[in-house]
Amino acid sequence: MSLKDLLAEDLKTAMKNKELTRKNVITMIRSSVKQIEVDERKDLLDDDVIQIIVKQIKQRKDALESFRNGGRNDLVEQTEAEISILETYLPEPLSEEELHLIIQKAIDETGAQSMKDMGSVMSIVKKETQGKADGKVVSQLVRQKLQS
């Protein structure tokens, strides 16, 4: 079952069970997918939908900081709930060991030897870790490997 089909089924279930937060989150994902499909005139694949979900998680994490600084605990709780719902649609996260293996493989492929080569390494690593690892963590690990 594709991710878009799963979202449609989960939306029906959320509506039947009157889960307002889950319904709203799924509706936002589906509307983002539909908007891109209309704008670019193409059907999105699961990888594209995962990118949308990752982007929405990142936006909510950025907003969390503002809510915490503003003392808006109600919005903090709601945003954390939304993030946990979004994360259920992402693939299983990679372990740190798996990340190190992917990074080392990319370094070997590109022949990277210094920080100047970080862009080429990151482009390979990003393709393999999309939705499975936090981009900031990946970037830090690549930086550490290239500096050592």
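Here is a short tour of a predicted model, from the whole chain down to single residues.

**Whole chain.** Start with everything shown as cartoon. You should count seven helices and zero strands, so to speak an α-α-α-α-α-α-α pattern when read along the sequence. The C-alpha trace spans about 55 × 40 × 30 Å along its principal axes. Colour by burial next: of the 148 residues, 30% are buried. If you like contact maps, take the contacts with a separation of 6 or more; 60% of them join residues 24 or more positions apart.

**Helices α2 and α3.** Now select residues 20-40, which is α2, and residues 46-69, which is α3. Their axes sit 10 Å apart, and the two helices pack at an angle of about 125°. That angle makes α2 oblique to α3. Turn the view until one helix lies over the other, and you have a right-handed crossing.

Switch on side chains where the two helices meet. On the α2 side, pick M28, I29, S32, V33 and I36; on the α3 side, pick V49, I52, I53, Q56 and R60. Sorted by class, this contact has seven nonpolar residues, two polar ones and one charged one.

**R60.** What is the burial state of R60, buried or exposed? R60 belongs to helix α3, and it counts as buried because its relative accessibility is 9%, under the 20% cut-off. Show what surrounds it: leaving out residues up to four places away in sequence, R60 touches M28, T79, E82, I83 and L86.

**The largest nonpolar core.** Keep I29, V49 and I53 selected and add Y89. Within the largest nonpolar core, which has 20 residues, these four touch the most other members. Helices α1 (3-16), α2, α3 and α4 (73-87) each give two or more residues to this core. Which helix gives the largest share? That is α3, with six residues. As a general backdrop, nonpolar side chains in soluble globular proteins tend to be buried together.

Zoom in on I53 for a closer look. Beyond its neighbours within four places in sequence, I53 is in contact with L3, I29, L86, Y89 and L90. L86 is worth a label, since you have met it before: it is also on the list of residues that R60 touches.

**A second core.** For the last stop, select L99, I107, A112 and V121. They are among the 15 residues of another core, which lies apart from the one around I53.

Definitions and conventions: Residues numbered from 1 in each chain as written. Predicted model: local features only at pLDDT ≥ 70, side-chain atom pairs only at ≥ 80, totals over all residues. Heavy atoms only, no water. Axes fitted to C-alpha atoms, helices over the stretch in contact; angles between N-to-C directions. Helix = DSSP H or I, 4+ residues; strand = E, 2+ residues; numbered from the N terminus. Parallel < 35°, antiparallel > 145°, perpendicular 65-115°, else oblique. Left-handed = near helix turned anticlockwise from the far one by under 90°. Contact = heavy atoms within 4.5 Å. Nonpolar A, V, L, I, M, F, W, Y, C, P; charged D, E, K, R; others polar. Core = buried A, V, L, I, M, F, W, Y, C linked by side-chain atoms within 4.5 Å. Buried < 20%, exposed > 50% of the residue type's maximum accessible area, 1.4 Å probe, protein only.
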